[in-house]
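User: Could you take a close look at one part of this model for me, and walk me through its surroundings? I'd like the cut-offs spelled out as you go.

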Amino acid sequence: MNSKSNSFMLRAIELSRISVRTNGGPFGCVIVKNNQIIAEGSNEVTRTNDPTAHAEIVTIRKACNELKNFHLKGTEMYTSCEPCPMCLSAIYWSHIDKIYFGNTRIEAAKIGFDDNFIYDELLMDLAKRKIPSQQLNQNEAIKAFQEWELKTDKIEY
């Protein structure tokens, strides 16, 4: 890792510490393209009353807006903590090339941010999950998928 990479991680860590001081969660993130920060963010869950406003999600939204594209191919993420399952999914959906992180999810669990139950839930059968799930109106719902499949001018992602 070069000194530039180190400075990107240090910025993500600085954002996490600023977030703590401004009533956010202890998480910060930057996204880099061509050795330049194109977006940065911190945890805004409690500030915005949005449970999806994790630092990585906030930063992905800003980066997509900056690049005017929902694909972030050619970018790297520097985040103060190993991403949770939601953020990791968003990272994969956005096609970020590489993730660097500071703290581990084990360290996050020690201060009350334990995502292991979500990882465990994902492996369970739907009927055994903590939040019940039930399929409804599949015959009607499938019509949107059928329309999508036949659409010739769709934007694939």
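What follows is a request about one helix and a connected answer.

User: What do the buried residues of α3 pack against, and what follows α3?

Analyst: Some ground rules before the helix. This is a predicted model, where local features need pLDDT of at least 70, side-chain atom pairs count only at pLDDT 80 or more, and totals for chains, interfaces and linings use all residues. Residues are numbered from 1 along each chain as its sequence is written, and side-chain values use heavy atoms, with hydrogens and water left out.

Now α3 itself. Helices here are DSSP runs of H or I with at least four residues, strands are runs of E with at least two, and both are numbered from the N terminus. α3 covers residues 55-67, so 13 residues, and its first and last C-alpha are 18 Å apart, close to the 18 Å expected at 1.5 Å a residue (the expected span is 1.5 Å times one less than the number of residues). Its buried residues are A55, E56, I57, V58, T59, I60, A63 and C64; buried means under 20% relative accessible area, exposed over 50%, and partly exposed in between, with a 1.4 Å probe and protein chains only. Those buried residues pack against β1 (28-33), β2 (36-42), β3 (75-81) and α4 (85-94), where contact means heavy atoms within 4.5 Å.

Take the strands next. Five of the six residues of β1 are buried, so β1 is largely enclosed by the rest of the structure. β1 pairs with β2 in the antiparallel sense over six bridges, and V32 has I37 of β2 as its bridge partner. (Two strands pair if DSSP finds at least two bridges between them.) The β1 and β2 strands form a hairpin with two residues between them, and N34 in that turn has a positive phi of about 50°. β1 also runs antiparallel to β3, joined by five bridges, with T79 of β3 as the bridge partner of C29.

At the other end of α3 comes K68, whose phi is positive, near 55°. K68 sits in the loop between α3 and β3, and is not a glycine. Most residues other than glycine have a negative phi. K68 is exposed, because its relative accessible area is 71%.

Then there's the space that α3 helps to line. The largest pocket holds about 310 Å³. Of its 22 lining residues, the closest to the centre are F27, N43, H54, F113 and D115, and the elements giving two or more residues to the lining are α2 (45-48), α3, α4, α5 (105-110) and α6 (116-123). On a 1 Å grid over the protein atoms alone, a pocket is an open set of points with protein on both sides within 12 Å along at least five of seven lines, and lining residues have an atom within 4 Å of a point. Grid points are joined across faces, edges and corners, and the volume is the space filled by probe spheres set on the points. By class, the lining has twelve nonpolar, five polar and five charged residues; Ala, Val, Leu, Ile, Met, Phe, Trp, Tyr, Cys and Pro count as nonpolar, Asp, Glu, Lys and Arg as charged, and the others, Gly among them, as polar.

N43 links this pocket back to the helix: leaving out residues up to four places away in sequence, N43 touches S19, G24, G25, F27, A53, H54 and A55. N43 lies in the loop between β2 and α2, and counts as buried because its relative accessibility is 7%.

Conventions
On a 1 Å grid over the protein atoms alone, a cavity is a set of points where a 1.4 Å probe fits but cannot get out, and a pocket is an open set with protein on both sides within 12 Å along at least five of seven lines; lining residues have an atom within 4 Å of a point.
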